[in-house]
Amino acid sequence: MVQVSQALVAGDSDAFFVTVPAAAVGPAECALLAEGAQACRLPAPVCASEVTERSSRGGMILNNLSLCYQNKLILAPMVRVGTLPMRLLALDYGADIVYCECRGIKPRALSMLELIDLKMLQCKRVVNEVLSTVDFVAPDDRVVFRTCAKEQNRVVFQMGTSDAERALAVVRLVENDVAGIDVNMGCPKEYSTKGGMGAALLSDPDKIEKILGTLVRGTRRPVTCKIRILPSLEDTLSLVKRIERTGVAAIAVHGRKHEERPQHPVHCEVIKAIAGTLSIPVIANGGSHDHIQQHLDIENFRQATGASSVMVARAAMWNPSIFLKDGLRPLEEVMQKYIRYAVQYDNHYTNTKYCLCQMLREQLESPQGRLLHAAQSSQEICEAFGLGTFYKETTQEIDARRVELLAKTPEEVGEPAEDTSGVIKMAVKFDRRAYPPQITPKMCLLEWCRREKLAQPVYETVQRPVDRLFCSVVTIAEQKYQSTLWDKSKKLAEQTAAIVCLRSQGLPEGQLGEESPSHKRKWEAPAQDPGGPRTQKPVPPGELCKKPFSTLDNGEESPLEGW
Ligand SMILES: Cc1cc2nc3c(=O)[nH]c(=O)nc-3n(C[C@H](O)[C@H](O)[C@H](O)COP(=O)(O)O)c2cc1C
């Protein structure tokens, strides 16, 4: 007997509790629960079907913060496209559930077998108080997945995996920040299938069972998978029945075979047969090309496939307002909204540009398309769309928030603990574009140290948790130098510290068009030991920069001069 009772959970009027006997929770019960959700005629898209704990009476409490996949409009997983700004925009326009992108490969640098689960496992979970997001950050400081409270109970985390235990480890990392977990079993790309992931899994049902079963047992979040159809209907139906038995909450079916491309017709009849066979919700996918041009078409596609829900990829990538009941919004307006989210959430400009190019499509040759094509920063993208002032104001607000947070909690943000009174500080930043290729401030500083027979610069870098920015302190002859501005990576922070040192000494920094340094102050070294490289001798902090000019020992021009 399944008992459904509505309960209000803070800010989530459609969440409800369900109590069922512990032993009775299986696919059929999941379906019943989903029906229960529908019976409740819950107005908003998120409903409950999550097993959270075993009660003392041996029952299970199925509660909130989970998803029901019945009768939903879903933004499909799309690598590079499904980042936070697109997901938020899709939600604004009426999508009920949004899947994150599944980024498995870092194209050039890493081996083709690098998997999203491996990548995710290297990530740290960082609360970004400046942007009010939760970030999963790779060791190279790249944000692999960024999410925020606004989507927390509607975002599904999709991953590529070929290993149950690794997949579970990833789920443990993200489960508190997402509403559902999905395993990608449809990606036909070689980089995915070579690693046994994506569509390769479809020919290994035992592995599918192991992965899905492990995840279903191991997480409190609903688990789903997204498949393609197999060459024969019989095999497809037998596979989806096995999948259903693992206890997944729903199954998304891209109605194409492994070798079929997006322009091939989608097999609605196969999705329909699957929907007619399974008890769990079936999510129809693959309709963008032939079926879905406007909002009404989504429901038509749902009916044609007999599915519970529809998942839209390309039609939403081209114009995410496809989810809006009232009809498509003009692209200009949609792109502006997208850009605003991109700036607010500090989306990398290359990703923003990529998504806007997908929206512009055949208008890429228009004046605006050309401006977009030429843009090399978020600021330039904003200017191309008449959002220059918005960019300025928003980034100022973000900077102000950062400063405010730092002022409030100095010890929490990881400022260097040592007494910094003797540190020479300046508000400088390193801008790579201001330097010729191959030349950096660090190189300039190192060269000066060699010339001056000083020990090599020593860089110490800290990262503060509040915004994950870095600050480096460089020590030369016992004097420390540091910028008051924090950088996005350790490498940048070191360059910035080197600039502070060079600039405070009036030394050439290697910048393009830098004035001839002949008039500049030269390096102030402590008393020299003419015999060979020296160890750093203690000098009072700040002493170095107070000393008068000195020339190089051998009177030679430094190779850095004139840069
Ligand atoms: C740019 C792009 C990226 C995609 N990335 C993924 C992905 O990461 N995971 C996945 O399961 N499917 C991915 N897909 C496939 C879509 O989710 C979807 O299955 C396919 O486009 C068919 O749906 P549609 O007709 O609505 O476009 C991607 C599709 C596109 C266009």
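How far is an oxygen atom of the ligand from an N or O atom in the side chain of H254? I looked this up at the outset, in what is a predicted model, and found a separation of 3.3 Å.

**Entry 1: ligand site**

I continued with the other polar side chains at the ligand. N285 places a polar side-chain atom 2.6 Å from an oxygen atom of the ligand. For N184, I noted 3.4 Å between a polar side-chain atom and a nitrogen atom of the ligand. I then looked up the cover: on its own the ligand has 600 Å² of accessible area, and the protein covers 85% of this.

I next listed the surroundings. The ligand is surrounded by 17 residues, and the closest are K226, N285, S288, A313 and R314. Sorted by class, I recorded eight nonpolar, seven polar and two charged residues in the shell.

**Entry 2: barrel**

I traced the strand order of the closed sheet. It is a barrel of eight strands, β5-β6-β10-β11-β12-β13-β14-β15, and the pairing is parallel. I noted an average turn of 25° between neighbouring strands of this sheet, with direction ignored.

I then examined one pair in detail. Strand β14 covers residues 282–285 and strand β15 covers residues 309–312; the two run parallel and are joined by three bridges. N285, already noted for its polar atom 2.6 Å from a ligand oxygen, has M311 in β15 as its bridge partner.

**Entry 3: helices on the barrel strands**

I checked two helices against the strands they cross. Helix α6, residues 205–218, lies across β10 (155–159), β11 (180–185) and β12 (223–229). Its direction is at about 175° to β11. Helix α7, residues 233–245, lies across β12 and β13 (250–257). For α7 I noted an angle of about 175° to β12. I also placed three ligand-site residues by number: N184 falls within the range of β11, K226 within that of β12, and H254 within that of β13.

**Entry 4: open sheet**

I turned to the second sheet. It is open, has four strands in the order β16-β19-β18-β17, and shows mixed pairing. At its edges I found β16 (424–426) and β17 (458–463), each of which pairs on one side only. From one strand to the next, I recorded an average twist of 20°.

Which strand pairs with β17 over six bridges? I found that this is β18 (residues 470–476), in the antiparallel sense. Within this pairing, Q463 has F470 of β18 as its bridge partner. Helix α17 (residues 490–504) packs on this sheet and touches β16, β17, β18 and β19 (479–483). I noted that its direction makes about 45° with that of β18.

Technical notes: Residues numbered from 1 in each chain as written. Predicted model: local features only at pLDDT ≥ 70, side-chain atom pairs only at ≥ 80, totals over all residues. Heavy atoms only, no water. Pairing = 2+ DSSP bridges. Axes fitted to C-alpha atoms, helices over the stretch in contact; angles between N-to-C directions. Contact = heavy atoms within 4.5 Å. Near = heavy atom within 4 Å. Polar contact = N/O pair within 3.5 Å; in protein donor to acceptor, adjacent residues only side chain to side chain. Areas by Shrake-Rupley, 256 points an atom, 1.4 Å probe, with all protein chains shown as cover. Nonpolar A, V, L, I, M, F, W, Y, C, P; charged D, E, K, R; others polar.
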